[in-house]
Each structure stands twice: as structure tokens, then as C-alpha cells.
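Student: I have this one open and want to go through part of it. Can we start with how the strands pair up?

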Amino acid sequence: MPKIRLLPADDATNGWLTHLAPRVPRPALQGSIAADWLVIGAGFAGLAAARRLAENRPNDRILLLDARAVADGPSGRNSGFAIDLPHHTSGDLRHLEGARRALRLNQLAIDYLEASVKAHDIPCQWSRQGQVMAASAALGEEQLAHFRTMLEALGEPYERLDRPALAALLGTSFYTEAVRTPGTVLMQPAALVRGLADTLPPNVTLYENSAVLAIDYGVTVTATTATGEVRAAKVILCVDGFAPQFDIYRQRLFGLRIFASITRPLSAAERAELGAAPEWGILPAARFGGGTLRYTQDGRLLIRSSYAYKPSMQADAATNDRIAQIHRRKFDARFPALKHVPFEATWSGFLCLSKNLAPGFGRHQANVFSAVCQNGVGVTKGTQSGILIADLACGIDNPLIADIEALGQPSRVPPEPFLGLGVRANIAWQGWLARSET
């Protein structure tokens with residue numbers, strides 16, 4: 001029986017949460033409860049899995065457990081992009097079918113989330129604003145050329161922007177070239193996660209601050225918390241980087257800590273320094289180059305960049321302070337007229353990755369399923385994997401299950417200390433290659 005010894009330990013400075021109204025978490029699990037289904041993890045994958053199970057089996061009892069309060073984890077800490085396109089592409093048209101597969105899966109997730117947002121009037125700044133993939137030097141421009149090649153092969157619309165057009169749109173002349181595509185959705189991720197959790201179907205019961213400490217994969221699955229126990233016929237694990245603690249995907253996953261900073265709301269005069277767009281989202285064309293930026297509907301600027309290998313999955317305030325200084329330099333280089341605008345918060349979140357970028361999706365035993373490892377694109381990949389694992393577990397013949405299964409399974413990674421040495425070296429190398437983009 002696996003005992004879970006590594007529990008989430010995020011920092012308490014998530015900027016998305018600091019300007020939301022207070023929310024009282026659902027009570028922790030108490031006592032012994034029986035259910036038809038148990039979903040562990042209430043991020044995008046777990047919320048989608050629980051909701052889809054309720055749609056598929058409206059008479060079944062479904063329990064959803066999370067170790068934290070909703071939105072305290074990675075799903076409430078990301079940059080707020082629901083990306084419709086393959087995140088990065090080599091431009092190699094031999095990968096065209098894979099790109100089509102990614103489009104179908106991502107669109108499933110976006111449409112599913114949008115239906116929930118509209119049906120429940122979730123106030124999360126949901127906007128089909130599109131994305132700007134931008135370059136500031138030769139490496140990024142080369143990646144943009146590959147991106148355009150793939151978009152043209154897919155028949156996807158895009159707009160090519162030069163430096164003057166970008167300055168007019170974004171209020172910064174930092175970038176030399178960009179590609180703007182219309183299908184990505186921008187949102188306030190913590191507000192979205194809270195809204196999804198607070199509008200679950202009536203046959204789903206959510207227990208927050210209920211970390212699973214041990215699990216027995218028997219004919220009936222038994223999960224034990226500090227104050228209770230769940231006995232369920234089937235379990236879906238949506239625990240992302242903690243999956244090896246649950247005895248799945250051992251030596252196949254690793255985690256990175258990534259950091260973000262957000263400003264206070266800009267004044268009317270400060271907003272006038274920016275471009276014509278009321279909001280936008282910028283993704284770096286070079287994978288490790290420069291960082292992701294958001295200009296939000298409520299007038300804040302967010303920058304997300306810098307990676308750290310942290311296998312303990314434990315956050316610390318000292319690193320946040322150091323990264324805030326890096327963010328400050330990057331922010332000032334992009335928006336010199338706004339150097340005086342302070343950051344309201346700097347925080348971090350943990351990404352779960354596999355070496356071959358495959359998801360941890362599938363059946364492990366007759367009654368044990370998983371939807372983990374979103375490889376840094378958690379809003380869409382988490383949602384699509386949650387939907388499809390629920391369909392798979394219910395025996396529903398959804399043709400998109402074949403699409404996600406075609407992505408393969410996570411490949412093995414070296415043991416420590418070799419894994420850590422390799423990951424840190426790769427981060428350093430990629431950062432050096434993209435140094436002109438920062």
C-alpha cells in the first residue's frame with residue numbers, strides 16, 4: 001500500500017489570489033465514506049474528470065479530494081492561457097498529423113471550459129483574445145518561421161506583426177517580430193478554478209485540505225487522509241507531479257519550479273503608455289527566451305519566467321525574492337516608461353514534465369486510472385485529459401481517446417543524481433541559447 005510522504009508545499013504569495021474576494025474552502029474529509037468514484041486532485045484535470053463523470057453517471061456518487069484549498073495549487077498559479085495551437089513546433093511537416101491531433105484535443109478542452117463558464121456565469125475574465133508569439137532576436141525569429149510553416153499547413157489563420165505594429169498594439173518596442181493567432185483564450189486562472197469547483201454537479205462532493213496519506217489499490221480502492229477514509233469502486237489520479245508518490249510513473253516524471261510576478265493595477269495615465277489592445281498575452285517564440293507576459297482586463301501586467309529544478313516540490317521565499325529582481329530587469333527592458341510600477345506579488349508553481357513530452361494518461365489496473373503530466377500547458381491539456389479519462393473509465397467510445405493515446409506514455413528518466421544534473425544543465429544550456437531573447 002503506497003504511503004504518500006511528499007505533500008504540496010507552495011508559497012503563500014499567489015498574485016492571482018491576492019485580489020480575489022475571500023473564499024471559504026469546502027470542509028476537509030471526516031470519517032469513513034463510500035463512493036462509486038474517487039478523483040484525487042482538484043486542478044484542471046481533476047475538476048474536468050469529476051464533472052465529466054457526473055455527466056456520464058448522474059446516479060453515481062463521486063468524491064473529489066484535494067490536498068490544498070482550491071486554486072492554491074498549479075492550476076491557480078499559471079499565466080492564464082487556454083492555448084488552442086501546438087505550443088511549440090519545429091515546422092517539420094512530418095509532425096503535421098500530431099499537430100492536427102493537438103488542435104482537436106485543445107479545442108475539446110476550450111469548448112468544454114467555455115460551456116461551463118457561460119452556463120454558470122463564472123467571473124474569470126474569460127476572453128477569446130488570441131495570443132501573440134513574439135521574438136526579440138534571431139533565435140526567436142527562426143522559431144516564428146517554423147511556427148508559420150506549421151500554421152499554413154494546418155490552414156490556421158494568423159497575422160504577422162513587425163516591430164512598429166507590435167509597439168502600437170502592445171506599447172513596447174522590445175520585440176522585433178510576432179505572429180498573432182485568434183484562438184487562444186485568456187482568463188484569470190485562479191478565478192476560473194474556483195468557479196469550476198464551486199459549480200460542480202450535485203452528485204460530486206469536494207473535500208479540500210484533505211491530503212491523501214496512503215492508498216490501497218484493492219478490489220475496492222481505499223484512500224486515507226489525516227481525518228478520514230474513502231472507499232471507492234474506482235479511482236482517477238489527477239495528482240500531476242506527485243504521481244510517483246501514488247506508485248505510478250516512477251522514474252518517468254520530473255518537476256520544474258517556474259516563477260511569476262504581477263503588478264498592481266495601472267493608473268489611467270500608465271495604461272495610456274501601453275498600446276491599443278485592452279488586454280493581451282505574449283508567449284516567447286524561443287522556448288526559454290524572455291518569458292510569458294499578460295496584460296489583464298483589470299490593468300495589471302504579469303511576467304512569468306525563470307525555471308528551477310526542485311524535486312522536493314517545496315517552495316521557499318528566498319528564491320522568490322531573487323527571481324523578483326530578475327523579473328524587474330526584464331519588465332523594465334520591455335516597459336521603460338513603467339519602471340516605477342511595483343510588483344504586487346511574486347510567486348511560483350510546479351510543472352510536471354516527461355522527457356518525451358507524453359502525458360501520463362491511461363488505465364493502470366481495472367479500477368485505477370490517471371490523468372497527470374500536462375507538460376506546462378495545464379489549462380487545455382489538464383482539461384482534455386480529465387474529460388477523456390472519465391470517458392475511458394466509463395467505457396464510452398470517444399474517438400478523441402485515440403488522439404491522446406497516440407501521444408504515447410512518459411519515457412524513463414535517469415535516476416538521481418544524474419536526472420538533476422541533466423535537467424539543470426539543460427536549463428542552463430537553453431537559457432544560454434536564448435540569452436539574446438531575454
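Student: Which way do S11 and S18 run, and how many bridges join them?

Tutor: This is a predicted model. In it, strand S11, residues 228-237, is joined to S18 by three bridges, and the two strands run parallel.

Student: Which residue stands opposite Phe-369 on the S11 side?

Tutor: Ile-236 stands opposite Phe-369 of S18.

Student: And S17 with S18, parallel or antiparallel?

Tutor: S17 and S18 run antiparallel, with five bridges between them. One facing pair there is Arg-363 and Phe-369.

Student: What joins S17 to S18 along the chain?

Tutor: A hairpin, and it passes through two residues.

Student: How many residues of S18 are buried?

Tutor: Five of its five, with the strand covering residues 368-372. Val-368, Ser-370 and Val-372 point one way, while Phe-369 and Ala-371 point the other way. Residues on both sides are buried.

Student: Back to S17. Where does Gly-362 sit, and is it buried or exposed?

Tutor: Gly-362 belongs to strand S17, which spans residues 360-365. Its relative accessibility is 10%, and buried means under 20%, so Gly-362 counts as buried.

Student: What is Gly-362 in contact with, leaving aside neighbours within four places in sequence?

Tutor: Gly-362 is in contact with Val-368, Phe-369 and Ser-370, and also with Tyr-249, Ile-389 and Leu-392.

Student: How far apart are Gly-362 and Asn-375?

Tutor: From C-alpha to C-alpha they are 16 Å apart in space, and in sequence they are 13 residues apart.

Student: Helices now. How many residues does H9 have, and how far does it reach?

Tutor: H9 takes in residues 378-393, which is 16 residues. From first C-alpha to last it reaches 21 Å, close to the 22 Å expected at 1.5 Å a residue.

Student: Is H9 mostly covered or mostly uncovered?

Tutor: H9 is mostly covered, with 14 of its 16 residues buried.

Student: What comes just after H9?

Tutor: Gly-395, which takes a positive phi of about 75 degrees.

Student: New topic, pockets. How much space lies in the second largest pocket?

Tutor: About 380 Å³. The pocket is lined by 18 residues, and the closest to its centre are Gly-241, Pro-244, Leu-253, Phe-254 and Pro-311.

Student: What classes of residue make up that lining?

Tutor: The lining of the second largest pocket has ten nonpolar residues, four polar ones and four charged ones.

How values were computed
Residues numbered from 1 in each chain as written. Predicted model: local features only at pLDDT ≥ 70, side-chain atom pairs only at ≥ 80, totals over all residues. Heavy atoms only, no water. Helix = DSSP H or I, 4+ residues; strand = E, 2+ residues; numbered from the N terminus. Buried < 20%, exposed > 50% of the residue type's maximum accessible area, 1.4 Å probe, protein only. Contact = heavy atoms within 4.5 Å. Pairing = 2+ DSSP bridges. 1 Å grid on protein atoms, 1.4 Å probe; cavity = no way out; pocket = protein on both sides within 12 Å on 5 of 7 lines; lining within 4 Å. Points joined across faces, edges and corners; volume = space filled by probe spheres on them. Nonpolar A, V, L, I, M, F, W, Y, C, P; charged D, E, K, R; others polar. Expected span 1.5 Å × (residues − 1).
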